[in-house]
Amino acid sequence: RWCHCSHTNMAATVETVTVDLDVTVTSPPTFFGFADSKKPDGSKKSVKSFVVTGKVTGSDGEEQDFEVKDCSYTVGGTKYASRKAIKKALGDLTFSGCSMTIEVGHRPWGYGGGGGG
């Protein structure tokens, strides 16, 4: 699974978009795919990074901060590998007040990607 890291040598302009989203254990299927679908219309730029923030309540009724950043899930300061791992630890999950902040910018290496072999 590819992680998208920040490149500090970029001179291109970076746009930031913030959108609300409904989160469940299975939706959106991938946060990166959701971020990619929210780029400005006609944008040829790529998603550089995204952060999802909100609240999650487990089966014990306790509401905790929820964040997805740098391919890592955090609930109340504890890191998890996935939403399914959070569900396994906390029981039935209710997500609320979630939003995603997306940074889009040109890839420094052009449109071809890594390639190689």
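## Exercises on a predicted model

Pro28 sits in the loop between β1 and α1. The structure is a predicted model.

### Exercise 1: The bond before Pro28

Find the form of the peptide bond from Ser27 to Pro28.

**Solution.**
Step 1. Go to the loop between β1 and α1, where Pro28 is found.
Step 2. Read omega for the bond from Ser27 to Pro28: the angle is near -10°.
Step 3. Name the form: this peptide bond is cis.

### Exercise 2: Two residues with positive phi

Describe the backbone and the exposure of Asp70 and Cys71.

**Solution.**
Step 1. Place them. Asp70 is in the loop between β3 and β4. Cys71 is in the loop between β3 and β4 as well.
Step 2. Read phi. Asp70 has a phi near 50°, positive although the residue is not glycine. For Cys71, also not a glycine, phi is near 60°.
Step 3. Judge exposure. Exposed means over 50% relative accessible area. Asp70 has 58% relative accessibility, so Asp70 is exposed. Cys71 has 30%, so Cys71 counts as partly exposed.

### Exercise 3: The two sides of helix α2

Work out how buried and exposed residues are arranged around helix α2.

**Solution.**
Step 1. Locate the helix: α2 covers residues 83–90.
Step 2. List its buried residues: Arg83, Ile86 and Leu90.
Step 3. Look down the axis. The buried residues of α2 fall within an arc of 55°, so they line one face of the helix.
Step 4. Turn to the other side of α2. Lys84 and Lys88 are exposed there.
Step 5. Ask what covers the buried residues of α2. The cover includes α1 (31–37), β3, β4 (72–75), β5 (78–80) and β6 (94–105).
Step 6. Check the ends. At the start of α2, a side-chain oxygen of Ser82 comes within 3.3 Å of the backbone nitrogen of Lys84. Just after α2, Gly91 has a positive phi of about 85°.

### Exercise 4: Two buried strand residues

For Gln64 and Val17, decide whether each is buried or exposed, then list what each touches.

**Solution.**
Step 1. Start with Gln64, which belongs to strand β3 (residues 63–69).
Step 2. Apply the cut-off: buried means under 20% relative accessible area. Gln64 has 18%, so Gln64 is buried.
Step 3. Leave out residues up to four places away in sequence. Gln64 then touches Gly54, Lys55, Val56, Val75, Gly76 and Leu90.
Step 4. Move to Val17, in strand β1 (residues 15–20). Its relative accessible area is 18%, so Val17 is buried.
Step 5. Set aside neighbours within four places in sequence. Val17 then contacts Lys38, Pro40, Met100, Thr101 and Ile102.
Step 6. Pick one partner, Met100. Val17 and Met100 are 83 residues apart along the chain, and their C-alpha atoms are 8.1 Å apart.

### Exercise 5: The nonpolar core

Describe the largest nonpolar core and the elements that build it.

**Solution.**
Step 1. Count: the largest nonpolar core has 24 residues.
Step 2. Name the residues with the most contacts inside the core: Phe31, Phe50, Phe66 and Met100.
Step 3. Trace the elements. Two or more core residues come from each of β1, α1, β2 (46–57), β3, β4, α2 and β6.
Step 4. Find the largest share: β6 gives five residues to this core.
Step 5. Follow Phe31. Apart from neighbours within four places in sequence, Phe31 contacts Leu21, Val23, Phe50, Val52, Phe66, Val68, Tyr73, Arg83 and Met100.

### Exercise 6: Salt bridges

How many salt bridges are there? Study three pairs: Lys45 with Glu15, Asp65 with Lys55, and Lys87 with Asp92.

**Solution.**
Step 1. Take the total: four salt bridges.
Step 2. Look at Lys45 and Glu15, whose closest N and O atoms are 3.2 Å apart. Lys45 is in the loop between α1 and β2 and Glu15 is in strand β1, so the pair ties together parts 30 residues apart in sequence. Lys45 is buried at 11% relative accessibility. Glu15 is partly exposed at 30%.
Step 3. Look at Asp65 and Lys55, with closest N and O atoms 2.4 Å apart. Asp65 lies in strand β3 and Lys55 in strand β2, so this pair ties together parts 10 residues apart in sequence. Asp65 is partly exposed at 46%. Lys55 is partly exposed at 31%.
Step 4. Finish with Lys87 and Asp92, which meet at 3.4 Å, N to O. Lys87 is partly exposed at 35%, whereas Asp92 is exposed at 55%.

Methods. Residues numbered from 1 in each chain as written. Predicted model: local features only at pLDDT ≥ 70, side-chain atom pairs only at ≥ 80, totals over all residues. Heavy atoms only, no water. Helix = DSSP H or I, 4+ residues; strand = E, 2+ residues; numbered from the N terminus. Buried < 20%, exposed > 50% of the residue type's maximum accessible area, 1.4 Å probe, protein only. Contact = heavy atoms within 4.5 Å. Arc of directions from axis to C-beta. Polar contact = N/O pair within 3.5 Å; in protein donor to acceptor, adjacent residues only side chain to side chain. Core = buried A, V, L, I, M, F, W, Y, C linked by side-chain atoms within 4.5 Å. Salt bridge = Lys/Arg side-chain N within 4 Å of Asp/Glu carboxyl O.
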